Structure formats: structure tokens, C-alpha cells
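Work through these exercises with the model open beside you. Try each task before you read its solution.

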Amino acid sequence: MWFFDRLTIRIFTIFLLTIVFFLMLIMVLPSLDSRNLTYLANKDKEAGNMLAQQIENELVNVPKDSFRWWMRFIVVMDSYQKPGQSLFIVTPNEQIITAETKNIDLVKNFSEKSHHVDDPAKKIYGSQEIIGPFLVHYASTEYKLYILQQATDIQSQFVNFIFDHPFLLLTLTMLASSPFLLWLSWSIAKPARGLKQAADQVAKGNLQEWPELEKIGSSEYKATGASFNHMLRELKRMQQVQQRLFSDISHELRTPLTRLQLATSLLRRKQGESSEVIRINDEALKLDSMIGNLLSLARMQYDNKEIREFNKINLLFKQVFDNATFEAEQIGKKFIVTNLPTNHFILCYPIALCSALENVIRNAFRYSNNQIVVNFITQQQKVIITIDDDGIGVAESELEQIFRPFYRIGDARDRQSGGTGLGLAIVANAIKRDHGTVKAEKSYLGGLRIVIVLPIHQYK
């Protein structure tokens with residue numbers, strides 16, 4: 001029914017049914033205690049009345065002058081009681097006649113609860129039970145017969161202990177019903193878990209729609225699933241718009257840029273080299289590099305088709321370090337790699353991550369004086385990669401800013417390089433996609449240190 005498809009109604013109904021269930025248990029379970037007062041079945045009632053009739057008939061045959069009147073009851077009851085059984089007569093003034101005096105208090109207690117001869121009852125006291133009363137007529141007076149005997153239906157001491165402690169009974173009932181309540185909670189929370197899984201996939205860049213979110217759970221969950229899928233469609237649409245925008249930027253900016261470079265070449269042929277022509281050419285090249293880096297950053301963020309895969313660290317970065325070693329030999333600088341792990345794996349986009357590390361190393365080559373050191377440290381399921389150079393470094397106030405797109409450092413380091421301000425932004429984005437972190441610090445060599453932290457995975 002549509003009415004019960006609402007989450008509020010479901011939770012309220014389950015809560016109400018749970019309360020009703022516990023109330024019913026509290027009301028019903030005590031009645032299951034076999035020690036409670038219960039009325040006799042017809043068969044037991046007939047047997048008791050027959051015994052009372054036999055005693056009544058035998059009393060008539062006892063000579064009235066042979067015993068005192070109460071001794072006559074004892075003599076007759078003694079001849080009719082069975083082994084393990086004791087008989088008691090209660091007089092109209094509540095006196096108890098019996099040969100066994102030690103259980104008089106039990107009979108007195110029971111006679112206060114069951115005193116109607118038309119509805120004889122039974123009650124268990126420990127290992128014994130008392131039944132009665134049964135009507136006995138003698139000398140125009142009505143007496144009540146009670147029978148004390150071994151109980152035939154004795155419940156265990158553990159059960160007695162539970163019934164004697166209501167809070168323990170309630171606790172056991174709650175424990176017994178816990179699996180059912182846990183199942184209900186699990187079924188209610190199941191759509192939320194599905195929504196979380198979908199959100200985790202979106203956080204990883206997977207914008208695939210989840211139609212099942214619109215089919216499971218209550219109406220609120222279904223509506224949330226529909227809104228979630230609508231959000232994914234809009235994100236895809238915006239992503240496509242951005243891709244088209246960057247493609248258009250690439251075409252629209254590079255076309256006049258190409259014409260500018262062509263015009264510069266023609267001007268150089270006609271008028272020869274001049275400081276103005278050289279400046280125009282340099283700025284054109286810088287603009288071309290900036291456009292290329294911007295498009296590379298955009299493709300990495302919005303149009304990444306590379307697959308994440310497990311890679312052994314030393315094999316993954318081998319080509320990067322080989323190229324760096326060769327370049328260092330050509331420019332006369334020292335390039336050192338220490339503590340390279342050989343038995344650890346990382347889950348990453350290999351091309352993007354290698355490109356990011358190569359970008360950082362090339363920056364170190366550009367700004368260093370003589371030495372670049374790459375060091376690896378593995379600890380607590382993560383690998384820490386540090387890249388140090390002995391260049392002029394970066395002001396401490398700017399260390400947190402250099403990973404922002406288009407951020408330009410105001411000292412000689414940036415003016416000499418002519419950088420676009422996008423290289424380290426591309427590095428940060430690539431490492432973030434592999435669930436890592438990157439930061440800048442002052443190096444022990446005197447220049448800049450870049451610290452990259454990546455999670456280590458168990459390869460299966």
C-alpha cells in the first residue's frame with residue numbers, strides 16, 4: 001500500500017508493533033508460570049470430589065463415642081491418603097485438622113486463595129502441590145478437604161528464577177527479539193547503504209547512473225535516488241559543456257596565436273631581430289605553453305579515460321628516474337635516488353602519476369644549483385616521496401600557495417623560469433586522484449622540498 005511506502009510510517013509502525021509485542025509478553029509470560037493458581041480439569045475435579053465423598057461416607061460409620069469429633073477426621077483421612085500424600089480438613093471457623101502439622105502454613109495460604117468448593121484449584125509450592133477445596137458434609141456441617149501431594153509438573157529452578165525476576169525476564173525477551181529488530185533496522189538502512197556506495201563512486205569520478213536507487217526502499221529513499229540520478233545527469237551535462245568549452249578555447253585561442261607566431265616570423269625576415277620581436281615571440285610561446293597546460297589540467301579533471309591499476313613502485317618510476325639520470329648527466333648536475341622500495345604496490349593512474357613526479361623532478365632541475373635528491377620512506381601503509389633541490393627555494397609564506405592554478409611566485413625563482421603557474425596544480429590534481437597528498441617544505445639542501453604521500457595497497 002502507498003500509505004506504508006513512507007519511511008515515517010514504517011518507522012512508526014515498527015516502533016508501535018515493538019511496544020505492543022513487549023506489552024503482550026509482559027502480560028502473557030507471567031501466566032505461563034506453572035506455580036500460578038490454576039483451576040482443576042474435570043477429571044481431577046471428579047477424583048477429588050470422589051475422595052471427599054468416600055471420607056464423608058466413612059465418617060458416618062465411625063462411632064460417635066469412640067473418638068473426639070476432630071480425631072474422627074484424622075482416623076478416616078489416614079486410611080484414605082496415599083503414599084506421599086497428606087489430607088487436610090478446614091472447618092467453617094478456619095481451623096485446620098490434619099495429622100501432618102508441618103505444612104499447615106501452606107494449606108492456610110492456599111485456602112485463602114482457593115476457598116470455593118465449586119471451583120477447586122491447584123497451586124505448586126516448591127516440589128509439592130495443593131489441590132482443593134472439596135466439600136465434605138458431616139453432622140450437618142460443611143467442611144473443606146485439601147490434598148497435599150508431590151507435584152507432577154515441576155518447572156526448573158532456572159525458569160522459577162526468571163519468573164521471580166521480572167527485569168531479567170524483560171532483558172531475555174529483548175535479547176531474543178534483537179535479531180528480528182536488527183533485521184528490520186538493516187532492511188530500513190539498506191537503501192542508505194546503496195546511496196552511500198553510489199556517492200563513493202561519484203567521489204572517485206564515476207558519474208554512471210544508479211537506476212536501482214529509484215526502486216528500493218521507502219518513497220523518501222526512492223525520491224532521493226531519483227534526485228541523485230538527476231544530479232548525475234546534470235554533472236555529466238556540465239562536464240560535456242566544459243569539455244566543449246575547453247576544446248573551443250583550444251581552437252579559438254591557438255588559431256590567432258599561430259597567426260601571431262607566423263606574423264612574428266615574417267616581421268623577423270623583413271626587419272631582422274629586435275628586442276621587440278624577441279619579446280613578442282617569447283610571450284607567444286609562453287601563451288602557447290599556458291594553453292597546453294590548461295587543457296592538460298582540464299582533461300585530467302574532466303576527461304580522464306586512464307584505468308587505475310596496481311603497480312610496483314620501483315618498476316612504475318623506473319623510466320622517470322632513467323630519464324632524469326640521463327638529463328642530469330647532460331647538464332652536469334647530481335641526481336640521487338635513495339631507499340627505492342622493491343616490494344610495495346600502489347593503486348594509481350600510472351601515466352598521470354609518473355607525469356606528475358617527472359614534472360616535480362624537472363622543476364627541481366630547473367631551479368637547483370648542483371644537486372637533486374629523491375628519497376622514499378615506507379611506513380604505516382603509505383609511501384612518502386621527497387624531492388629536494390639546492391636552489392634558491394620559496395618563501396615560507398608561499399609554500400601553501402604554489403599548488404594553486406596560475407599562482408605566480410614573486411621572487412627571482414619565478415621570473416627566471418617564465419613558468420605558467422599550472423605545473424604544480426597539475427601535479428596536485430594527479431596525486432589527489434590517487435588518494436594521496438602533496439605539500440611543499442624548506443629543503444635541508446637549502447632549496448625547495450616537495451613531499452608526496454601515497455597509500456600502499458596489498459596486491460591480490
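**Exercise 1. Is glutamine 380 buried or exposed, and what is its phi?**

Step 1. Start with accessibility. Buried means under 20% relative accessible area, exposed over 50%, and partly exposed in between (1.4 Å probe, protein chains only). Glutamine 380 has 71% relative accessibility, so it counts as exposed.

Step 2. Locate glutamine 380. It lies in the loop between strand 10 and strand 11. Helices (H or I, at least four residues) and strands (E, at least two) are DSSP runs, numbered from the N terminus.

Step 3. Read the angle. Phi of glutamine 380 is near 50°, a positive value in a residue other than glycine. Glutamine 381 sits in the loop between strand 10 and strand 11. Its phi is near 60°, a positive value too.

Before going on, note the ground rules. This is a predicted model, with residues numbered from 1 along each chain as its sequence is written. Local features need pLDDT of at least 70, side-chain atom pairs count only at pLDDT 80 or more, totals for chains, interfaces and linings use all residues, and side-chain values use heavy atoms, with hydrogens and water left out.

**Exercise 2. Which strands pair with strand 10, and how do they run?**

Step 1. Apply the rule: two strands pair if DSSP finds at least two bridges between them.

Step 2. Take strand 8 (residues 334-338). 5 bridges join it to strand 10 (residues 371-379), and the two run parallel. Threonine 338 stands opposite asparagine 375.

Step 3. Take strand 11 (residues 382-389). 8 bridges join it to strand 10, and this pair runs antiparallel. Valine 373 has aspartate 388 as its bridge partner. The hairpin of strand 10 and strand 11 has 2 residues between the strands.

**Exercise 3. On which side of helix 2 are the buried residues?**

Step 1. Check the length. The expected span is 1.5 Å times one less than the number of residues. For the 20 residues of helix 2 (residues 42-61), that gives 28 Å; the end C-alpha atoms are 29 Å apart, which agrees.

Step 2. List the buried residues: Gly48, Leu51, Ala52, Ile55, Glu56 and Leu59. They cover an arc of only 140° around the axis, which puts them on the same side of helix 2. The arc is that of the directions from the helix axis to the C-beta atoms.

Step 3. Recall the general rule. An α-helix has 3.6 residues a turn, so residues three or four places apart point the same way.

Step 4. Look at the other side. Asn42, Lys43, Glu46, Met50, Val60 and Asn61 are exposed there.

Step 5. Find the partners. The buried residues of helix 2 pack against helix 3 (69-80), strand 2 (86-90), strand 5 (128-138) and strand 6 (141-150).

**Exercise 4. How many disulfides are there?**

Step 1. Set the cut-off: a disulfide is a pair of cysteine sulfur atoms within 2.5 Å. The count comes to 0 disulfides.

Step 2. Test cysteine 354. Its sulfur is 6.9 Å from the closest cysteine sulfur, in cysteine 348, too far for a bond.

Step 3. Add accessibility. Cysteine 348 is buried, with a relative accessible area of 1%. Cysteine 354 is buried, with 13%.

**Exercise 5. Where is confidence lowest?**

Step 1. Use pLDDT, the predictor's confidence in each residue, from 0 to 100. The chain averages 79.

Step 2. Compare elements. Confidence is lowest in helix 12 (residues 412-417), at a mean of 47, and highest in strand 11, at 93.

Step 3. Draw the lesson. Where pLDDT is low, the predicted coordinates should not be read in detail.

Conventions. Contact = heavy atoms within 4.5 Å.
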